[in-house]
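Here are some exercises to work through with the model open beside you. Try each task on your own before reading its solution.

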Protein chains: 2
Amino acid sequence: MTSDNSIFIGPKPFMNYVTAVVMQFTMKNADEIVIKARGKFISRAVDVAEVATKRFLEGQAGVKGIVTGSEEFQNKEGKLVRVSAIEITLGRK
Amino acid sequence: MTSDNSIFIGPKPFMNYVTAVVMQFTMKNADEIVIKARGKFISRAVDVAEVATKRFLEGQAGVKGIVTGSEEFQNKEGKLVRVSAIEITLGRK
């Protein structure tokens, strides 16, 4: 999987992400894309996956697998912080 | 699966949910529990699963499967609203 097939969910307008996912399947002919998010954006990643597959790509693509994990990094104060992460793989049907 | 083995994530203090998960495995001897959440609480559900399995139940329990979906319901104004949902199944190792 190349990083081209990953979409990282952040604070941009919701439909930007949905459009990006749909475009990967319809215009770029991707077989699989991975929606990634951390922390509070995890809920949004699930929303993007649901809206993309159920409203725009129904019958064409669906959720193939979901993996969660934790990432650790140092914050500005040098403290080690743990944050949850999710990767939702969508695949062509 | 009985509903006793489900934990629904909401706005209560974070550690309440982690404790509930850990107790199911350690005190009630559950083989499997399901963490459920909707909307913005999805991120929290992943956090609960991560902290419970990695900090408190390491080597004892882990994530066995994750399913996402959408639920529709009528809001106060009678409008049909779609909300994403997640179910994270934890199992004994």
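**Exercise 1.** How do the residues of the lining of the largest pocket divide into nonpolar, polar and charged?

*Solution.* Keep in mind that this is a predicted model. Begin with the space itself: the largest pocket holds about 200 Å³. Next, find its centre among the 14 lining residues; the closest to that point are A:Glu50, A:Lys54, A:Gly62, A:Val63 and B:Thr68. Then sort the lining by class, which gives five nonpolar, five polar and four charged residues. Finally, trace the lining back to the elements. Two or more residues each come from helix H2 (41-56) and strand E3 (61-74) of chain A, and from strand E3 (61-74) of chain B. E3(A) provides the largest share, with five residues.

**Exercise 2.** Describe the fold of chain A, going from the sequence to the sheet.

*Solution.* Start by counting: chain A has two helices and four strands. Following the sequence, you should read the pattern β-α-β-α-β-β. Now place the strands side by side. They form an open sheet in the order E1-E2-E4-E3 of chain A, and the pairing is mixed. At the edges are strand E1 (6-8) and E3 of chain A, each of which pairs on one side only. From one strand to the next, the twist averages 20 degrees.

Look now inside the sheet. Strand E2 (residues 32-38) and strand E4 (residues 80-92) of chain A are antiparallel and joined over seven bridges. To check the register, take A:Arg38, whose bridge partner in E4(A) is A:Ala85. Last comes the helix: H2(A) packs on the sheet and touches E2, E3 and E4 of chain A. The direction of H2(A) makes about 5 degrees with that of E4(A).

As a final step, look at the overall extent. Along the principal axes, the C-alpha atoms of chain A fill a box of roughly 45 × 25 × 20 Å.

**Exercise 3.** What turn and what shift along the axis lay chain A on chain B?

*Solution.* Recall the principle: two copies of a chain are related by a rotation about an axis and a shift along it. Here the turn is 180 degrees and the shift is 0.0 Å, with an RMSD of 0.0 Å. This is therefore the relation of a two-fold axis. To locate the axis from chain A, go to A:Ser43, whose C-alpha is the nearest to it in that chain, at 2.6 Å.

Now turn to the interface. Of the interface residues of chain A, 100% are also interface residues in chain B, so the copies meet through the same surface.

Terms used
Residues are numbered from 1 along each chain as its sequence is written. Chains are lettered from A and ligands numbered from 1 in the order in which they are written. This is a predicted model: local features need pLDDT of at least 70, side-chain atom pairs count only at pLDDT 80 or more; totals for chains, interfaces and linings use all residues. Side-chain values use heavy atoms; hydrogens and water are left out. On a 1 Å grid over the protein atoms alone, a cavity is a set of points where a 1.4 Å probe fits but cannot get out, and a pocket is an open set with protein on both sides within 12 Å along at least five of seven lines; lining residues have an atom within 4 Å of a point. Grid points are joined across faces, edges and corners, and a volume is the space filled by probe spheres set on the points. Ala, Val, Leu, Ile, Met, Phe, Trp, Tyr, Cys and Pro count as nonpolar, Asp, Glu, Lys and Arg as charged, and the others, Gly among them, as polar. Two strands pair if DSSP finds at least two bridges between them. Axes are lines fitted to C-alpha atoms, for helices over the stretch in contact, and angles run from 0 to 180 degrees between N-to-C directions. Contact means heavy atoms within 4.5 Å. Copies are superposed by least squares on the C-alpha atoms of residues with pLDDT of at least 70 in both.
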